[in-house]
Amino acid sequence: MIHLSCLSHCSTQHLLQAFLPEYGNQVSHDAGNDVPFVNNYGVWVDEFRDLGLEKNLNRIWQDALCYFGEDKEVRIGRQYGRVCRRKLRKHLLQRCQTNGVQFMAGMMDELETEQTSDTATIRLADGQVVRSRLIVVAAGAAAGKFLHYEEAAPAVAAQTAYGIEAEVEGYEDNYDAESMLFMDFRRHHTGLWPDTAHKLQDFEHPAAGEGVWGAQEEVPSFLYGMALQPGRVFLEETCLVTKPALPFAVLKRRLERRLKAMGIKVKKIHEEEWSFIPVGGPLPVAQQPITAFGAAANLVHPATGYSIARSLREAPAFAEEVANLLRKQQAVGDTAESVWDALWPQEKRRQAAFHVFGMELLAQLDIKSTNNFFSTFFRLPDRYWRGFLASSLSSRQLILFAMWMMVRAPPSIQFKLMQHMLLDPAGKYMLRTYAGLQTGKTHAGNANMMMATAAAIMLLAAAVTYELPHLVS
């Protein structure tokens, strides 16, 4: 009998399995270990350095650039790195092999679980049968068909992107190749002749200035770029979040038009990337006999799509908790419920509800409001915007984050934030989760949290009414 089985077809399996055997548990895997990491991963260097993984970066930029309208460049002042897919995969596989992980290649045919049983049964298509005391699904969004989720939560949204790694001419004429291009929301993908984007002037072209001409019904997208070496770059047109998903064909067309307008000529494409990331949506319930990790467990940041750094950060502690629970010799259902409570305690559910609230707001903003939002976001104290991106702010700190956003944002964003908080279902979902009503786990601490949240909302309203300049002086 196997203590733990990890079902997966993606990189997340290695994150968890690399740590579990350290605690004396035999681990099985039934998806094979010969699948390469496909997507490009970008991370903040300080986060990977804290994890001891900086050596797995193959390119580091000293700064990251953003554009939130013509002539509105924002330098973030933070190192950004590109993950070497080969090195990271090799590093995690070596940990797995050193710790005795067993890899079993096969397609799962049937999964049998009972809450009160001592083991769960996995039947593979080739006839193999695996019995395990705990099953962890790490198959990304595909894991949804095996899991149960909370009710009355906002529906899943999507982040989509189309990218190329290519040899080009003209990139350095438009961007600083020594800095990473984090977000370029300028609307160079529409209404421009080839090689004219750099000539735009206010009041002389409808795409200049705020660049909102013809954008009333348009879902915003931005250019994300990494200069890898002279003449070779990774360029990706990304829709941060929307419902329904922005099609790849639209993103590809925007990227091609954007590059032509900027005078960037693509000479040879080495790789194409299509990225679809479900974001937000309901969290898994604890009362089920199957567990999950990574994107399968909804560890993707709803408002940004970030997941790899968080999964790497949480894997060791989560693996240790799983090992401790397996030593208790409980029924499958009891062990699984305890695992879910460890992965998604009430505090983290409150944080996730706030992130979903932010995601739902972003999904409703037009290009002008999006530019105003992010211009405000990156002017916040570092601990707030960095903490928000890293999912490291506590639920109380997130309320302070919202207050900072409110008092520093222009009136249009202030109004949208208040309207979203009071009238949108995502605001109600956040309040219910902060109070513990979403999971039914209410106690005095949750009541106090609800009161604190209500007080924060009143302060936000006061910020809109009186502008409270002394809070940011």
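I began with Phe374 and Phe377, and both turn out to be buried. The model I am reading is a predicted one, so I keep that in mind on every page.

Next I checked where these two residues sit. Phe374 and Phe377 share helix H9 (residues 367-377). They are 3 residues apart there, about one turn of the helix. I then looked at their rings: Phe374 and Phe377 make an edge-to-face aromatic pair, with 6.2 Å centre to centre and 75° between the planes.

I moved on to Tyr384 and Trp404, whose rings form a tilted pair. I noted 6.2 Å centre to centre and 35° between the planes for Tyr384 and Trp404. This pair links distant parts of the chain, with Tyr384 in helix H10 (residues 382-390) and Trp404 in helix H11 (residues 395-408), 20 residues apart. Is Tyr384 buried or exposed? I count Tyr384 as buried because its relative accessibility is 8%, and the cut-off for buried is under 20%.

For the wider picture, I searched the whole structure and got 28 aromatic pairs.

Then I turned to the arginines. Arg186 caught my eye over the face of Tyr67, 3.9 Å from the ring centre.

My last stop was Arg82, which I found in strand S7 (residues 80-83). Arg82 counts as buried because its relative accessibility is 8%. Which residues does Arg82 touch, leaving out those up to four places away in sequence? I listed Asn40, Tyr41, Asn56, Leu57, Asn58, Arg59, Trp61, Glu165, Met226 and Leu228 as the contacts of Arg82.

Definitions and conventions
Residues are numbered from 1 along each chain as its sequence is written. This is a predicted model: local features need pLDDT of at least 70, side-chain atom pairs count only at pLDDT 80 or more; totals for chains, interfaces and linings use all residues. Side-chain values use heavy atoms; hydrogens and water are left out. Helices (H or I, at least four residues) and strands (E, at least two) are DSSP runs, numbered from the N terminus. Buried means under 20% relative accessible area, exposed over 50%, partly exposed in between (1.4 Å probe, protein chains only). Contact means heavy atoms within 4.5 Å. Rings of Phe, Tyr and Trp (its six-membered ring) pair if their centres lie within 6.5 Å; planes under 30 degrees apart count as stacked, over 60 as edge-to-face and the rest as tilted. A charge sits over a ring if NZ of Lys or CZ of Arg is within 6 Å of the ring centre and within 35 degrees of the ring normal.
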